[in-house]
Amino acid sequence: MLASGFFLLQSCHYCRPGYGVIRIRLRFIGALLAAGMTAHAAPAASLQVLHWWTSPGERKAADLLAARAAEEGIEWRDAAIPGGAGLGAGKVLKSRVLAGDAPEVSQMIGVSIAEWADLGLLLEIDNVASGGNWNNVLFPTIQTLITHRKHVVAAPVGIHRVNTLFYNRALFARHKLAPPQSWAEFETVVHKLKAAGVTPLAQSSEAWQVAALFENLVLAESGPEFYRQLFVRRDPAAAADPRTADALRRLRIVKGWANGQIDERSWPEVARQFARREAAMMIMGDWAKPELRDLGMVLDQDFACAAAPGTGRYHLYSVDSFTMFGGDYRNMAAQEKMARLLVSPPVQMDYNVLKGSVPVRRDTDPSRLDSCARASWTMFALGAAVQAPSLVHRMATDEASRDAIIAEIHRYFLDDRTTPTEAQRRLGVMFRLFNLKNQGAFGAQDTDRR
């Protein structure tokens with residue numbers, strides 16, 4: 001504006017003395033005043049946020065983040081895409097990026113972060129991470145997850161425990177049952193409930209929910225090291241291992257508990273079945289906890305949390321994060337402010353209470369967490385030896401491999417004619433193809449980032 005005003009003054013040699021100069025000076029002053037008024041009245045920075053939090057409980061958590069962003073002068077323009085495990089949101093994000101219409105902020109989890117960072121599309125937020133001392137206050141696993149080639153490219157917001165067993169306290173008390181801690185106890189509890197006419201387990205036949213149950217069964221059967229061998233390193237020998245066969249057989253047994261009649265339902269519908277006392281148990285990530293709360297259930301009164309049978313010493317985790325798309329950097333200041341806000345202690349605590357997850361910060365006071373969250377946070381804090389990255393939630397492997405494995409497990413679950421041996425053979429063939437592809441494109445490499 002100053003430059004344009006100077007140009008007007010210099011080019012008015014033809015103006016009448018006095019009047020022309022006064023007129024131009026008035027125009028110049030008016031322009032400066034208008035610019036000042038515009039700057040003063042400028043709207044808040046606006047960031048479109050793509051995510052998949054669409055259930056009532058998730059919506060409350062997203063609304064809290066939007067409200068806190070507004071307090072910092074950032075407008076959160078919501079772009080919520082329905083679909084369990086973020087399947088729909090992932091497809092929408094890809095199509096928008098290809099169309100040159102990437103959102104400024106996107107929810108992203110697990111290995112997907114590295115895949116997008118490899119394309120050079122994510123904003124590096126090293127200054128934010130350094131200023132917030134993230135390297136010291138975040139759990140090491142979280143710090144590794146959000147770092148790509150020594151640059152921080154995501155802001156983590158919460159850790160979910162996927163191996164969570166929800167059980168109805170009244171039903172368990174009525175039938176004198178204790179929450180099962182092993183597979184044998186699980187079978188005993190199920191048979192007693194079935195004999196009493198009670199549906200033992202709320203379960204959907206939706207592909208990702210079936211695969212989530214299977215990864216729980218693998219972890220229970222084998223522990224984190226074998227789990228990584230199977231799902232992170234995708235070792236054909238692990239696919240052929242008897243422990244994988246046992247997990248497959250148990251998956252078929254769980255299906256049989258429902259007499260083969262398991263409908264394909266969204267996870268909120270499964271949670272509603274549990275909340276209506278129509279099923280005594282539910283194996284689901286702790287994101288179901290706020291959903292149950294909204295349905296009128298009180299934690300430690302109507303229901304309680306435990307680790308899924310056989311997984312009490314482990315933490316099967318999924319981590320929610322947000323990434324910032326670089327673009328032309330016009331929004332970089334607002335994006336950095338958003339990242340800083342998401343990891344701040346007050347937002348970490350308030351958000352995770354609503355979301356059902358636990359903070360990513362090591363300096364969290366666990367006494368402020370409810371019983372379910374306290375058990376999750378305390379277990380995760382024990383370190384990598386007890387942690388297992390969820391296959392279903394993109395923590396363990398790349399998206400294409402994940403989708404193929406889930407499809408194979410789902411196929412086995414639906415088709416009772418497929419034997420565990422046949423499913424193992426197919427997984428083994430698939431793993432060998434994955435490894436050949438990786439070696440051909442990049443040379444031999446270890447995909448276990450943790």
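1. Let's start with Val429. In this predicted model, Val429 counts as partly exposed, because its relative accessibility is 34% and the buried class ends under 20%. Val429 sits in helix H21, which covers residues 420–442. Together with Leu433 and Leu436, Val429 makes a nonpolar surface patch of about 280 Å². A helix has 3.6 residues a turn, so residues three or four places apart point the same way.

2. Next, a look at helix H3. This helix takes in residues 56–71, 16 residues in total. From first C-alpha to last, H3 reaches 23 Å, close to the 22 Å expected at 1.5 Å a residue. The buried residues in H3 are Gly57, Glu58, Ala61, Ala62, Leu64, Leu65, Ala66 and Ala69. You will see Glu58 in that list, alongside alanines and leucines. After H3 comes Gly73, with a positive phi near 80°.

3. The open sheet is worth tracing on screen. Four strands form it, in the order E8-E9-E7-E10, and the pairing is mixed. Strand E8 (201–202) and strand E10 (303–307) stand at the edges; each has a single partner strand, so one side of each lacks a neighbour in the sheet. As a general reminder, strands of a sheet pair through backbone hydrogen bonds, either parallel or antiparallel.

4. Both senses of pairing can be found here. E8 pairs with strand E9 (residues 281–283) in the parallel sense, over two bridges, and Ala202 stands opposite Met282 in E9. Strand E7 (residues 164–168) and E10 run antiparallel and are joined by five bridges. There, Thr164 stands opposite Ala307 in E10.

5. Is E10, an edge strand, enclosed or open to the outside? Four of its five residues are buried, so E10 is largely enclosed by the rest of the structure. Standing at the edge of the sheet therefore goes together with burial in this strand.

6. Two serines deserve a visit, beginning with Ser390. This residue lies in the loop between strand E12 (387–389) and helix H20 (399–414). Ser390 is buried, with a relative accessible area of 0%. Leaving out residues up to four places away in sequence, Ser390 touches Val162, Glu215, Tyr227, Leu316, Tyr317, Met395 and Ala396.

7. The second serine is Ser112, in helix H5 (residues 111–118). Ser112 is buried too, at 6% relative accessible area. Which residues does Ser112 contact, neighbours within four places in sequence aside? They are Arg394 and Glu399. Ser112 and Glu399 are 287 residues apart in sequence, yet their C-alpha atoms are 6.9 Å apart in space.

8. Finally, please check two backbone angles. Most residues other than glycine have a negative phi. Arg234 has a positive phi, near 50°, and Asp300 has one of about 70° although it is not a glycine. Arg234 belongs to the loop between helix H12 (224–231) and helix H13 (236–239), while Asp300 is in the loop between helix H16 (288–294) and E10. Their surroundings can be set side by side: Arg234 is buried, with a relative accessible area of 1%, whereas Asp300 counts as partly exposed at 40% relative accessibility.

How values were computed:
Residues numbered from 1 in each chain as written. Predicted model: local features only at pLDDT ≥ 70, side-chain atom pairs only at ≥ 80, totals over all residues. Heavy atoms only, no water. Patch = residues over 30% accessible without salt bridge, like charges linked within 9 Å, V, L, I, M, F, W, Y side chains within 5 Å. Areas by Shrake-Rupley, 256 points an atom, 1.4 Å probe, with all protein chains shown as cover. Salt bridge = Lys/Arg side-chain N within 4 Å of Asp/Glu carboxyl O. Buried < 20%, exposed > 50% of the residue type's maximum accessible area, 1.4 Å probe, protein only. Expected span 1.5 Å × (residues − 1). Contact = heavy atoms within 4.5 Å. Pairing = 2+ DSSP bridges.
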